[in-house]
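Please find below a short set of comments for the file. They take up the cysteines, one asparagine and the enclosed space in turn.

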Amino acid sequence: MKIVAHELYKGIFPELPEDDVLFYSNTQMVENSAVMKEAEVIVCQPHLVQKDFLDICERVKWIQVPSAGFERSDIDEVRKRGIHFTNGTGNQSVSIAEDVMCKILFFSRRIREFEANKENKSWSHFGQDPWLSVISQDLYTKKMGIIGDGAIATEIAKRAKGFDMEVQTYGLYNKDGQYWDHFYNDQAGLDKLVATSDYIVVAVPLNEATHGMFNLEMFKKMKKEAIFVNIARGPIVVEDDLITALKNNEIQAAALDVFEVEPLPEKSQLWDLDNVFITSHKAGTGDSWIKRIKKLYEDNLELYRNGKPLINERSVGYKG
């Protein structure tokens with residue numbers, strides 16, 4: 001069986017003696033049509049999966065992408081050709097969940113101010129009595145609202161419950177999630193979630209329903225003290241509206257890992273706002289995901305050999 005995998009995944013995708021495995025860059029995959037024509041299994045990045053690329057890969061039967069998101073793949077074309085298509089749902093969920101808690105604690109424990117005090121060698125009590133002061137917001141009993149009910153949302157909720165937080169979730173499928181205290185699946189429920197949550201975390205895929213989901217109207221429904229976290233996709237948020245909400249104190253702060261345009265342009269006002277925490281689309285890059293994706297590849301390869309249903313199937317017979 002001929003397998004072509006992206007060169008980034010060398011050492012992750014299993015190289016077995018009975019297989020002919022090649023590791024190519026994006027450019028090499030596109031330019032080496034003779035090799036790609038013979039490939040039965042392809043491990044590549046989602047944006048490559050387009051009609052022109054599939055026309056080259058005449059004999060492909062299974063495509064695996066590493067990420068959970070596959071909005072840049074032409075899944076309709078994949079399905080039309082009867083190709084198995086699997087994604088990486090769940091692989092980065094632990095890393096992302098830990099990143100979310102880090103971002104929330106960054107604001108609740110006033111880390112930026114403490115770091116500034118360290119730089120200035122200032123032993124500050126923030127103007128309060130040193131023994132009776134309250135300068136931080138504990139997560140204990142606070143409300144976390146999660147937009148999404150998949151693997152990432154589940155791992156975030158699991159960690160929030162470890163802090164004794166109350167978890168509210170908005171989604172479509174997983175109403176019986178183990179870590180939800182409340183589950184909503186309609187607009188009234190979504191409105192209640194954003195109006196009552198202290199921390200609001202976006203963890204849904206980008207699609208027609210979620211594009212521009214968070215606009216100025218939504219931000220105005222939130223508590224003034226609310227902290228907004230987006231680790232999903234940038235276009236789910238109307239960025240100019242978020243900037244307006246932050247500048248006008250409609251919400252307290254935002255922690256952002258994804259943006260409408262990436263890399264985030266230097267001219268973006270988000271860079272200059274003190275109530276914004278920015279990371280460069282790296283929420284899911286903890287070391288655990290390498291182990292998880294390696295196991296996914298190994299398990300799926302075994303299932304594929306035996307003609308059994310694949311984990312995270314998103315094309316043949318997929319109804320989502």
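1. In this predicted model, cysteine 102 has a relative accessible area of 43% and is therefore classed as partly exposed. Cysteine 44, by contrast, is buried, its relative accessible area being 0%.

2. The number of disulfides comes to zero, given that two cysteine sulfur atoms must lie within 2.5 Å to form such a pair. For cysteine 44, the nearest cysteine sulfur belongs to cysteine 57 and is 7.7 Å away. Cysteine 44 is therefore in no disulfide, as the cut-off is 2.5 Å.

3. Asparagine 300 belongs to helix α11, which covers residues 288-305. Because its relative accessibility is 0%, asparagine 300 counts as buried.

4. Which polar partners does the side chain of asparagine 300 have? One is the side chain of glutamine 64, with a polar contact at 3.2 Å. In addition, a polar atom of the asparagine 300 side chain lies 2.7 Å from the backbone nitrogen of isoleucine 311.

5. When neighbours within four places in sequence are left aside, the residues in contact with asparagine 300 are Trp62, Gln64, Thr86, Leu310 and Ile311. Gln64 and Ile311 in this list are also the polar partners described in the preceding point.

6. The structure holds one cavity of 30 Å³ or more. The largest cavity has a volume of about 40 Å³. Its lining consists of Asn230, Gly234, Val237, Glu239, Leu242, Leu256, Val258, Phe259 and Glu260. By class, five of the lining residues are nonpolar, two are polar and two are charged.

Methods
Residues are numbered from 1 along each chain as its sequence is written. This is a predicted model: local features need pLDDT of at least 70, side-chain atom pairs count only at pLDDT 80 or more; totals for chains, interfaces and linings use all residues. Side-chain values use heavy atoms; hydrogens and water are left out. Helices (H or I, at least four residues) and strands (E, at least two) are DSSP runs, numbered from the N terminus. Buried means under 20% relative accessible area, exposed over 50%, partly exposed in between (1.4 Å probe, protein chains only). A polar contact is a pair of N or O atoms within 3.5 Å; within protein, one must be able to donate a hydrogen and the other to accept it, and residues adjacent in sequence count only if both atoms are side-chain atoms. Contact means heavy atoms within 4.5 Å. On a 1 Å grid over the protein atoms alone, a cavity is a set of points where a 1.4 Å probe fits but cannot get out, and a pocket is an open set with protein on both sides within 12 Å along at least five of seven lines; lining residues have an atom within 4 Å of a point. Grid points are joined across faces, edges and corners, and a volume is the space filled by probe spheres set on the points. Ala, Val, Leu, Ile, Met, Phe, Trp, Tyr, Cys and Pro count as nonpolar, Asp, Glu, Lys and Arg as charged, and the others, Gly among them, as polar.
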